[in-house]
Amino acid sequence: MSVKKNTSEILEELTNSLQYLNEGQLESLTEVILQAKHIFTAGAGRSGLAMKAFTNRLMHLGLSVSNVGEISSPHTQPGDLLLIGSGSGETESLIALSKKAKKNGMMVALITMDAASTIAQMSDTVVVLPGVSPKRKDGGNGFISIQPMGSAFEQLCFLTYDGIVLGLMERMNETSDSMFARHADLE
């Protein structure tokens, strides 16, 4: 076993996965983020951890954002956005959040592996990233991973979110220095 070799193969796999990204979907997601009055983010498991990291960067950009379930999250309003990261798009708690968001007049955006999922069908904007999961309804897109379960999807979420942040920085005239001024100082 060589950790260095394994890591190299993972990086190669993620680089090759870029061919599956749809620039139009990513631009649509960027637009709804910029248009939202407030952004509520949600995810479960490792996808949820990636979404929490993205939430943090959106806050650093000066956007009004909170992660669902935090005690400081505000009441929803029409024009708000529920941004969900869910590989399968079938997590029951996230389906329930999507239904409530739609009922409350919110937009729903989903980052997923499965464009045929229940949450995707309710979403205004869907970004499909490659990955493998036994929970997929659409049978997959031919993407094969050496990694277990949804690891490739979750890693690509982190990278894609950072790519979106770079695009938002440019459009919002933000720099690392201006963002750092919003970084937590009580840690």
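The following exercises, with worked solutions, concern the nonpolar core, the helix packing and some backbone angles of this predicted model.

Residues are numbered from 1 along each chain as its sequence is written, and side-chain values use heavy atoms, with hydrogens and water left out. Because the model is predicted, local features need pLDDT of at least 70 and side-chain atom pairs count only at pLDDT 80 or more, while totals for chains, interfaces and linings use all residues.

**Exercise 1. The nonpolar core**

Determine which elements give two or more residues to the largest nonpolar core.

Step 1. A nonpolar core is a set of buried Ala, Val, Leu, Ile, Met, Phe, Trp, Tyr and Cys residues joined through side-chain atoms within 4.5 Å. Buried means under 20% relative accessible area, exposed over 50%, and partly exposed in between (1.4 Å probe, protein chains only).

Step 2. The largest such core has 30 residues, and L29, I33, I39, F54, L58, L83 and I111 have the most contacts inside it.

Step 3. Helices (H or I, at least four residues) and strands (E, at least two) are DSSP runs, numbered from the N terminus. Two or more core residues come from each of helix 2 (23–35), helix 3 (45–60), strand 3 (81–85), strand 4 (107–112) and helix 6 (151–171). Helix 6 supplies the largest share, 8 residues.

Step 4. Another core, of 13 residues, lies apart from this one and includes F40, I95, A101 and L110.

**Exercise 2. The surroundings of I33**

State which residues I33 touches, not counting residues up to four places away in sequence.

Step 1. I33 lies in helix 2 and is buried, with a relative accessible area of 0%.

Step 2. With contact taken as heavy atoms within 4.5 Å, I33 touches I39, F54, L58, L63, L81, L83, I164 and L168.

Step 3. I33 and L168 are 135 residues apart in sequence, and their C-alpha atoms are 9.1 Å apart in space.

**Exercise 3. Helix 3 and its span**

Compare the expected span of helix 3 with the distance between its end C-alpha atoms.

Step 1. The expected span of a helix is 1.5 Å times one less than its number of residues.

Step 2. For the 16 residues of helix 3 this gives 22 Å, and the end C-alpha atoms are 23 Å apart, which agrees.

Step 3. Buried residues of helix 3 are S47, G48, A50, M51, F54, T55, L58 and H60. After the helix comes G62, with a positive phi near 90°.

**Exercise 4. Packing against helix 6**

Classify the orientation of helix 2 and of helix 3 relative to helix 6.

Step 1. Axes are lines fitted to C-alpha atoms, for helices over the stretch in contact, and angles run from 0 to 180 degrees between N-to-C directions. Angles under 35 degrees count as roughly parallel, over 145 as roughly antiparallel, 65 to 115 as roughly perpendicular and the rest as oblique.

Step 2. Helix 2 and helix 6 pack at about 60°, with axes 11 Å apart; they are therefore oblique to each other.

Step 3. The axes of helix 3 and helix 6 come within 9 Å and cross at roughly 10°, so these helices are roughly parallel. Their contact includes F54 and L58 of helix 3, and I164 and L168 of helix 6.

**Exercise 5. Positive phi**

Establish where M149 is placed and whether M149 is buried or exposed.

Step 1. M149 is not a glycine, yet its phi is positive, about 45°.

Step 2. M149 is in the loop between strand 5 (125–128) and helix 6, and counts as exposed at 67% relative accessibility.
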